[in-house]
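Trainee: I have a new model open and a notebook ready. Could you help me see what stands behind the words people use for it?

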Amino acid sequence: MNSLDPTDLRILLELVKDPRVQIGELSDALGIARNTAQTRVRRMLRSGILHDGGREIDLEAVGYDVVAFVTIEVNHRELDGVVAGLRLIPQVLEVHEISGRGDVWCRLVATDTHNLQTALRSILRIKGVIRTETVLALHTHIPYRTEPLISRLAQGAAGTAARPARRAVAAGDGTDAG
């Protein structure tokens, strides 16, 4: 499945809990040498388990290579309870209340189809869930990203800052001085 030992997993957990943790703080929190923490983080970065400066984890690399999208129809009076129940299932990565077909959409991961089936059965046991529809992801072509949006905003902001400010039309001359 993967080559991560308990110390690697504890490091990943600390990085998830506090993405800004420094190596010294990480080593102190885990009771390991600073060099050990730094070496292991670097190894996980090189192997692709960690991305984006060491804060985003490749779940496939740690054994969760089945991704499913589940649309859930719920009894609306039980919506809060359904969301609370979904929060207790570790494989559930995100939950959205949606419009259209279904009421709730969630993305979940599993280690294999048996693990997926177990998670889906857990969802169906939540009080207020009427039915589910599951779609498996076969391949991720574009993973979750924000860089293009922020880049566009930054370019727009830079363009606005680079333009000279327009001055008000001088009274009576009808020309724009900008």
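Trainee: Which residues of helix α4 are buried?

Mentor: Helix α4 spans residues 79-87, and Leu79, Val82, Gly85 and Leu86 are its buried residues.

Trainee: How do you know on how many faces of α4 they lie?

Mentor: Looking along the axis of α4, its buried residues fit within an arc of 120°, so they line one face of the helix. The arc is that of the directions from the helix axis to the C-beta atoms. As for the words, buried means under 20% relative accessible area, exposed means over 50%, and partly exposed is in between (1.4 Å probe, protein chains only). Asp80 and Arg87 are exposed, and they sit on the face of α4 turned away from the buried side.

Trainee: What do the buried residues of α4 pack against?

Mentor: They pack against β3 (66-74), β4, β5, α5 (113-124) and β6 (129-137). A contact here means heavy atoms within 4.5 Å.

Trainee: What makes something a helix or a strand?

Mentor: Both are DSSP runs, numbered from the N terminus: helices are H or I with at least four residues, strands are E with at least two. By that rule the protein chain has 6 helices and 6 strands.

Mentor: Some ground rules: residues are numbered from 1 along each chain as its sequence is written, and side-chain values use heavy atoms, without hydrogens and water. This is a predicted model, where local features need pLDDT of at least 70 and side-chain atom pairs count only at pLDDT 80 or more, while totals for chains, interfaces and linings use all residues.

Trainee: Back to helices, then. Which residues of α2 are buried?

Mentor: In α2 (residues 23-30), Gly24, Leu26, Ser27 and Leu30 are buried. They cover an arc of only 160° around the axis, so they are on the same side of α2. The face turned away from them carries the exposed residues Asp28 and Ala29. Helices α1 and α3 are among what covers the buried side. Just after α2, glycine 31 takes a positive phi of about 70°.

Trainee: What makes arginine 40 and aspartate 8 a salt bridge?

Mentor: The rule asks for a side-chain nitrogen of Lys or Arg within 4 Å of a carboxyl oxygen of Asp or Glu. The closest N and O atoms of arginine 40 and aspartate 8 are 3.0 Å apart, and the pair counts as a salt bridge. It links distant parts of the chain, with arginine 40 in helix α3 (residues 34-47), aspartate 8 in helix α1 (residues 6-17), and the two positions 32 residues apart in numbering.

Trainee: Why is aspartate 8 called buried?

Mentor: Aspartate 8 has a relative accessible area of 1%, so it meets the cut-off for buried.

Trainee: What about glutamate 78 and lysine 127: how do you know that they form a salt bridge?

Mentor: Their closest N and O atoms are 3.9 Å apart, and the pair passes the test. This pair also joins distant parts of the chain: glutamate 78 is in the loop between β3 and α4, and lysine 127 is in the loop between α5 and β6, 49 residues apart.

Trainee: Are the two partners buried, partly exposed or exposed?

Mentor: Glutamate 78 has 23% relative accessibility, so it counts as partly exposed. Lysine 127 has 62%, so it counts as exposed. Elsewhere, salt bridges with shared partners join Asp5, Asp8, Arg40 and Arg43 into one network. The count comes to 6 salt bridges.

Trainee: What makes β4 and β5 a pair?

Mentor: Two strands pair if DSSP finds at least two bridges between them. Strands β4 (residues 92-97) and β5 (residues 104-110) have 5 bridges and run antiparallel. One of the partnerships is glutamate 94 with arginine 107 in β5. Their hairpin has 6 residues between the strands, and glycine 100 takes a positive phi near 85° there.

Trainee: Last one: why is proline 90 called exposed?

Mentor: Proline 90 has a relative accessible area of 70%, so it is past the cut-off for exposed. You will find proline 90 in the loop between α4 and β4.
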